[in-house]
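This report looks at a few individual residues and one surface feature, taking each in its place along the chain. Please keep the sequence and the structure side by side while reading.

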Amino acid sequence: GAPPGLFDSSQLALVLSALIIDIMVLLAIGGRITEWGFSPNKTAALGENVILLCNLAWSAWLFLGFLRGRVPFARLERWQTGYLIVYAAWAWTVVLVFPLVFEFA
């Protein structure tokens, strides 16, 4: 319930830094896929980083809204905890679907 402070601004800076790094990782993964094609590891990494990109981008937007006093912090908390299901769904996709798609023995 406290107003945003220096720590909150620092957290936004960290989220933005992570967002920039994730974009660089996605470019690297895309380059590897373009050059050598898809593999289970590259596909899993690509999917996870796309999910992370969405999470970080919306988190940054909500954080910015919180710092400006337009979004309550609880909304950011709900976003973060609600988004865990997306990570879980991707993990289950990798575990259950990838063996079928990539014909693991």
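Leaving aside its neighbours within four places in sequence, Lys42 is in contact with Ile29, Arg32, Ile33, Trp36 and Gly37. The model is a predicted one, and in this model Lys42 belongs to helix α2, which covers residues 40-67. Although Lys42 is buried, it has no salt bridge, and the nearest side chain of opposite charge, that of Glu35, is 9.0 Å away. A salt bridge would call for a side-chain nitrogen of Lys or Arg within 4 Å of a carboxyl oxygen of Asp or Glu.

Two further residues can be set beside each other by helix and by accessibility.

| Residue | Helix | Relative accessibility | Class |
|---|---|---|---|
| Ser17 | α1 (residues 6-36) | 37% | partly exposed |
| Val95 | α3 | 52% | exposed |

Ser17 counts as partly exposed because its relative accessibility is 37%, a value in between the limits of 20% for buried and 50% for exposed. Between Ser17 and Gly65 there are 18 Å in space, C-alpha to C-alpha, and the two are 48 residues apart in sequence.

Val95, which counts as exposed at 52% relative accessibility, is also one of the residues that make a nonpolar surface patch of about 650 Å², together with Trp92, Leu96, Val97, Leu100 and Val101. The elements that give two or more residues to this patch are α3 (73-96) and α4 (98-101), and it is α3 that supplies the largest share, with three residues.

Notes
Residues numbered from 1 in each chain as written. Predicted model: local features only at pLDDT ≥ 70, side-chain atom pairs only at ≥ 80, totals over all residues. Heavy atoms only, no water. Helix = DSSP H or I, 4+ residues; strand = E, 2+ residues; numbered from the N terminus. Buried < 20%, exposed > 50% of the residue type's maximum accessible area, 1.4 Å probe, protein only. Patch = residues over 30% accessible without salt bridge, like charges linked within 9 Å, V, L, I, M, F, W, Y side chains within 5 Å. Areas by Shrake-Rupley, 256 points an atom, 1.4 Å probe, with all protein chains shown as cover. Lys, Arg positive; Asp, Glu negative; His and termini not counted. Contact = heavy atoms within 4.5 Å.
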